[in-house]
There are 2 protein chains.
Amino acid sequence: MVVLRRTVPATGSQVHTRKNWIDPNTSMTADKPRARLTLNDVARGCGVSRATVSLVLRGSPLVHAETRARVEAEIRRVGYIYNRAAANLRAQSSSSVALVVNDLSNPYFAEFAAGVDEALAAIGFVTLLGSTGESVQRQQAVLASLVEHAPAGIILSPAEGSDGASVARAVGPHVPVLVFNRELDGAWDYLVMDNRTGARLATEHLIGLGHRRIAFYGGHRDSSSCRERRDGYLQALAVAGLEAAPRWRIETAPTRLEAARQVGALLATEPVPTAAVCYNDAVALGLQLGLVARGRQAGVDFAVVGFDDIPEAAMSVPPLTTVATAPRARGRQAAERILARMRDPSIAIARQTIPVQLIARESSCPPPDASGNRRHE
Amino acid sequence: MVVLRRTVPATGSQVHTRKNWIDPNTSMTADKPRARLTLNDVARGCGVSRATVSLVLRGSPLVHAETRARVEAEIRRVGYIYNRAAANLRAQSSSSVALVVNDLSNPYFAEFAAGVDEALAAIGFVTLLGSTGESVQRQQAVLASLVEHAPAGIILSPAEGSDGASVARAVGPHVPVLVFNRELDGAWDYLVMDNRTGARLATEHLIGLGHRRIAFYGGHRDSSSCRERRDGYLQALAVAGLEAAPRWRIETAPTRLEAARQVGALLATEPVPTAAVCYNDAVALGLQLGLVARGRQAGVDFAVVGFDDIPEAAMSVPPLTTVATAPRARGRQAAERILARMRDPSIAIARQTIPVQLIARESSCPPPDASGNRRHE
DNA sequence: GAAGCGACTTGGAACGATCCAAATTCGGAA
DNA sequence: TTCCGAATTTGGATCGTTCCAAGTCGCTTC
């Protein structure tokens with residue numbers, strides 16, 4: 001029966017201490033009502049060999065239709081459950097994919113995970129979940145733990161500050177990795193959003209509405225996605241010949257709460273901007289709230305653009321103009337990508353850039369003094 | 001190397017068709033740079049036996065300190081990766097737990113999943129993810145697929161309309177199941193929220209504020225959690241001797257969007273209620289939006305109470321009064337519970353009810369005409 | 001110097017499946 | 001009837017680990 005073991009074999013830098021040892025003989029074993037059924041039980045039950053049952057289970061055309069029917073009936077009758085671990089051991093294959101993200105409570109990652117699982121489940125694979133909470137140490141531990149389950153591939157959104165070499169060491173040379181969402185030093189398969197273009201589109205949208213003083217609001221300076229979005233913003237300003245004042249770049253944690261708190265800093269700049277490109281939707285929604293608290297209103301006297309198009313974006317007051325990246329579809333895409341590599345490991349590693357799309361809603365209004373400007377759409 | 005197989009062995013009612021067969025001989029195999037390292041390689045590398053290396057990996061006190069050091073050095077040197085599937089096969093144990101939820105994009109479940117994974121990762125277990133999308137068929141397929149990976153336990157939030165017998169058949173008699181969040185016919189371990197008490201507290205809070213016409217807003221009639229919450233609401237009304245008009249019970253899908261759309265139906269009742277207990281926070285937030293669209297404002301001329309205390313609840317305008325259930329902590333609790341059962345399968349199955357807590361914020365105001373009433377807190 | 005005793009190490013069997021080469025059965029052709 | 005190839009079935013070896021009974025070693029004790 002199932003035996004719970006507290007120790008985790010140390011294959012990396014982790015070292016065992018003696019006190020972790022649980023003597024397998026003294027550890028309690030379940031009273032087994034019946035042992036788990038195996039191929040042999042089924043085979044015996046319907047008078048064929050192990051090998052034949054195995055062929056039936058795998059849908060081989062080699063078995064006679066009548067035999068197949070008999071075996072399938074027996075399988076159903078006794079409630080046999082396939083042991084995929086044993087099969088994978090012998091066949092040197094795997095039917096799971098590991099997904100490592102920062103935090104599922106971020107709706108963006110939750111949607112992404114749902115997309116991954118959806119695509120994997122469709123072909124009978126399971127998703128092994130791991131979350132790092134943005135901690136590099138936890139990431140190493142999680143990767144070490146997951147890789148021991150021999151996933152066919154790993155989809156990784158690296159924690160901030162990850163070291164590519166450490167990741168490579170933890171994963172080993174045999175499991176394909178797809179890096180998602182963030183940069184990681186080294187040669188990896190990538191699936192990244194076109195952050196730069198997205199932010200550029202958002203900024204150009206605001207410029208087109210007549211804004212001249214545009215802030216870049218929120219996000220951590222050192223996060224790669226934030227850097228890229230900021231670059232897109234700066235690029236659009238430069239092309240339009242507009243000022244890119246550093247005081248209009250406000251750094252916040254990428255959460256609603258922090259963003260709401262920092263609105264004062266934004267409005268204290270002189271001259272005050274009339275619009276903001278936000279690091280992501282959470283920040284943008286926080287900015288909207290902060291504006292309300294200070295007697296302003298997004299979409300009326302201040303224009304706000306977000307990034308991600310999380311479900312809340314369409315439902316906020318006012319509905320948020322944002323850059324859509326369709327996380328669920330991205331999840332499916334990531335799964336497809338890693339499956340493709342598993343099918344043919346020889347394909348070249350590549351960086352795949354996800355196109356983004358500007359969704360104009362009501363939070364982006366023309367500037368108060370832009371009566372002469374026409375609204376572009 | 002890894003071989004991708006499209007077919008899913010049919011152990012349940014699923015039947016194979018011949019066209020699914022992929023001949024293992026013709027399916028492409030990876031060019032193997034080096035075979036994966038095994039215990040034997042490590043053993044040979046440092047001149048001890050397989051068994052000794054195995055003992056080192058498991059932190060046994062039986063091995064000499066010097067030997068252990070030599071083996072650990074070799075393990076690190078060659079980058080050996082433990083094959084947990086093989087170990088589990090021989091030891092008849094497991095180090096994974098399956099988690100089956102409706103939909104990760106629901107922030108409540110995402111938080112719950114994060115909690116489960118957090119608790120499991122702490123003891124070196126991994127989470128196998130499955131989502132049903134509220135489909136009973138998908139649930140059967142997902143369970144069948146997960147159970148083949150021999151999880152040590154399953155945490156299941158059943159899809160609406162699940163049949164306990166089918167679930168039992170899919171899971172088999174050897175894997176402990178913890179049912180979460182919803183009722184399922186049959187004898188199961190349960191972890192359920194105290195929906196009734198929560199809704200009662202919410203309703204009593206509104207009654208205490210002076211409301212006399214209180215609606216129950218949102219949710220599906222046939223969902224067990226909705227039924228329980230409605231019962232709590234009715235109970236509170238009955239105790240206070242207030243009318244429980246059926247026209248004040250509005251059914252909606254449990255989403256923000258649907259809830260916002262149905263506000264018209266709520267305000268069309270005669271006499272119109274002054275407050276609403278909502279099925280959950282998503283519905284409550286939708287209600288708040290819908291009120292704004294109709295010239296009313298929650299927390300000013302209409303009181304709204306939600307359920308769940310999702311992160312958005314504290315950040316909405318106005319902040320939402322709600323019933324907190326701490327999904328992340330619930331996730332941890334669920335994991336602990338299933339681990340406890342694995343340690344000792346003989347413990348009696350039980351129903352564990354999660355206490356809930358009313359969080360009063362600003363969306364629940366006294367009724368407009370209640371000038372004489374004092375506000376209770 | 002033989003026996004006894006810890007402390008440590010070890011080789012073969014086993015877990016439940018797949019692979020593979022060989023065996024068996026089945027029809028039809030010679 | 002006999003033979004042949006195609007169709008179908010099969011038993012042993014094997015995947016990488018753990019279990020277990022038995023082994024080796026060094027040291028004390030009589």
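**Close-up views of a predicted protein–DNA model**

Of the DNA strand C atoms within 4 Å of the protein, 70% are sugar or phosphate atoms and the rest belong to bases. This is a predicted model: local features need pLDDT of at least 70, side-chain atom pairs count only at pLDDT 80 or more, and totals for chains, interfaces and linings use all residues. Residues are numbered from 1 along each chain as its sequence is written, chains are lettered from A and ligands numbered from 1 in the order in which they are written, and side-chain values use heavy atoms, with hydrogens and water left out.

**View 1. The protein surface near DNA strand C.** Around strand C lie 28 residues (near: a heavy atom of the residue within 4 Å of the strand). A:Leu39, A:Ser54, A:Arg58, A:Tyr80 and B:Thr67 come nearest. By class, 14 are nonpolar, nine polar and five charged (nonpolar: Ala, Val, Leu, Ile, Met, Phe, Trp, Tyr, Cys and Pro; charged: Asp, Glu, Lys and Arg; polar: the others, Gly among them). Helices H2 (50-57) and H4 (84-91) of chain A and H2 (50-57) and H4 (84-91) of chain B each supply at least two residues (helices: DSSP runs of H or I, at least four residues; strands: E, at least two; both numbered from the N terminus). H4(A) gives the largest share, five residues.

**View 2. Polar atoms at DNA strand C.** The side chain of A:Arg58 places an N or O atom 2.5 Å from a phosphate oxygen. For the side chain of B:Gln92, the distance to a phosphate oxygen is 3.2 Å. A:Arg50 addresses a base instead: a polar side-chain atom lies 3.3 Å from a base oxygen of strand C.

**View 3. The protein surface near DNA strand D.** Here 26 residues surround the strand, and A:Thr67, B:Leu39, B:Ser54, B:Arg58 and B:Tyr80 come nearest. Twelve are nonpolar, nine polar and five charged. H4(B) supplies the largest share, four residues.

**View 4. Polar atoms at DNA strand D.** A polar side-chain atom of B:Tyr80 is 2.3 Å from a phosphate oxygen. A polar backbone atom of B:Leu39 lies 2.5 Å from a phosphate oxygen. The side chain of B:Arg90 has an N or O atom 2.9 Å from a base oxygen.

**View 5. The surroundings of A:Arg351.** This residue is in strand E11 (residues 351-354) of chain A. A:Arg351 is partly exposed, at 44% relative accessible area (buried: under 20%; exposed: over 50%; partly exposed: in between; 1.4 Å probe, protein chains only). Beyond neighbours within four places in sequence, A:Arg351 is in contact with A:Glu183, A:Tyr190, A:Val192 and A:Arg337 (contact: heavy atoms within 4.5 Å). The C-alpha atoms of A:Arg351 and A:Tyr190 are 4.4 Å apart, across 161 residues of chain. A polar contact of 2.9 Å joins the side chains of A:Arg351 and A:Glu183 (N or O atoms within 3.5 Å; within protein, one must be able to donate a hydrogen and the other to accept it, and residues adjacent in sequence count only if both atoms are side-chain atoms).
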